[in-house]
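Let's take a walk through this model, beginning with one side chain and working outward from there. Keep the viewer open as you read.

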Amino acid sequence: NNGQADGDGDGDDHVWLVAKYTMKARQKKKRTLKQHNRLKYKLYKTRIEQVRARTFGCRQWSTELWRTKHIYLAAFVHVLDTTTDIAVCAIWAQRAYAEHILGVEFTHGDNVNIVGQFFAALAVLLLYRIVSAVQIYLQNAHKCAMHPKTRAFLQLFDALLYWELYDSHLAHTRTANLLLISKMKSFLESAPMAILQSFVIVRSALRFDGTDTPDNYVTYISLVISLTSIVYRYVALDHIVFEGEANRKWP
């Protein structure tokens, strides 16, 4: 009985020691994360102060802009692609309302279910924003970045781009969030919208014969911009990946 009691005591001591060291490990991890965040925030503020302290002339400004052109070009393509996609979606909504509510008949487009096209495009726009917002939150929460919920909320309205654009300007390179936004934009919005627009163009027999309306030309332009956006983003990502591999192999 005494031996069994001693064994029970040793077991309790073992459990207590495990709990103690587990708690110490958790506390150490929290302290490490806090120190990492404080250091990251300090470097961030230092960089901001350095940028604000500069006095940019015309020549310095143009040099700085040219050096970071890859950042602003990606943002320009993103904004242009988003604007044309929303414009096409609005045009399809207007056309669906005119056909099914007002009874207006169009010369072209008898082979297209414009209502289905509109809801499909709307689903694509919403799906990209929801999925990318969730992914942004998970990525920033995992890396203990600042304000993950705020970043995810801004991404729901496609406004996180401008925050990340400012951070990229300070760092002189594209941030991880900006790269993630570009990648998800290409295959969650640009590619599906390009397919929908191509379907409408082929099925409705739109053609450059002088009878097209300005709305149809918006569809042409949006398709070209969507394809350009896909190609540009994947070329930029491949450049980053291959450059990193080359630097590791041949430093």
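## Starting from a glutamine

Leave out the residues up to four places away in sequence, and glutamine 117 touches Trp92, Val112, Leu196, Phe199 and Val200. Bear in mind that this is a predicted model. Glutamine 117 sits in helix α4, and its relative accessibility is 8%, so it counts as buried, the cut-off being under 20%.

Two of those contacts, Trp92 and Leu196, turn up again in the largest nonpolar core. That core has 14 residues, and the ones touching the most other members are Cys89, Trp92, Ile114, Ala121, Met193 and Leu196. Where do its residues come from? At least two are supplied by each of α3 (69-100), α4 (114-142) and α7 (176-203). For a concrete view, pick alanine 121: setting aside its neighbours within four places in sequence, it is in contact with Cys89, Trp92, Met193 and Leu196. Apart from this core lies another one, made of seven residues, including Ile136, Leu160, Leu180 and Met184.

Leu160 is a handy link to the next stop, since it also belongs to α6. How do α5 and α6 sit relative to each other? Helix α5 covers residues 148-156 and helix α6 residues 160-171; their axes come within 7 Å and cross at roughly 125°. That angle falls between the perpendicular range, 65 to 115, and the antiparallel one, over 145, and α5 and α6 are therefore oblique to each other. On the α5 side, the meeting residues are Thr150, Arg151, Leu154 and Gln155, while α6 brings Leu160, Trp163, Glu164 and Asp167. Sorted by type, the residues of this contact come out as three nonpolar, two polar and three charged.

Now look at α6 by itself. Its twelve residues reach 16 Å from first C-alpha to last, close to the 16 Å expected at 1.5 Å a residue. Buried residues in α6 are Leu160, Leu161, Glu164, Leu165, Asp167, Ser168, His169 and Leu170, so Glu164 and Asp167, which meet α5, are under 20% relative accessible area.

Finally, check the backbone on either side of this helix. In the loop between α5 and α6 you'll find aspartate 158, with a phi near 60°, a positive value in a residue other than glycine. Is aspartate 158 buried or exposed? It counts as buried, because its relative accessibility is 10%. Just after α6, histidine 172 takes a positive phi too, of about 60°.

How values were computed:
Residues are numbered from 1 along each chain as its sequence is written. This is a predicted model: local features need pLDDT of at least 70, side-chain atom pairs count only at pLDDT 80 or more; totals for chains, interfaces and linings use all residues. Side-chain values use heavy atoms; hydrogens and water are left out. A nonpolar core is a set of buried Ala, Val, Leu, Ile, Met, Phe, Trp, Tyr and Cys residues joined through side-chain atoms within 4.5 Å. Buried means under 20% relative accessible area, exposed over 50%, partly exposed in between (1.4 Å probe, protein chains only). Helices (H or I, at least four residues) and strands (E, at least two) are DSSP runs, numbered from the N terminus. Contact means heavy atoms within 4.5 Å. Axes are lines fitted to C-alpha atoms, for helices over the stretch in contact, and angles run from 0 to 180 degrees between N-to-C directions. Angles under 35 degrees count as roughly parallel, over 145 as roughly antiparallel, 65 to 115 as roughly perpendicular and the rest as oblique. Ala, Val, Leu, Ile, Met, Phe, Trp, Tyr, Cys and Pro count as nonpolar, Asp, Glu, Lys and Arg as charged, and the others, Gly among them, as polar. The expected span of a helix is 1.5 Å times one less than its number of residues.
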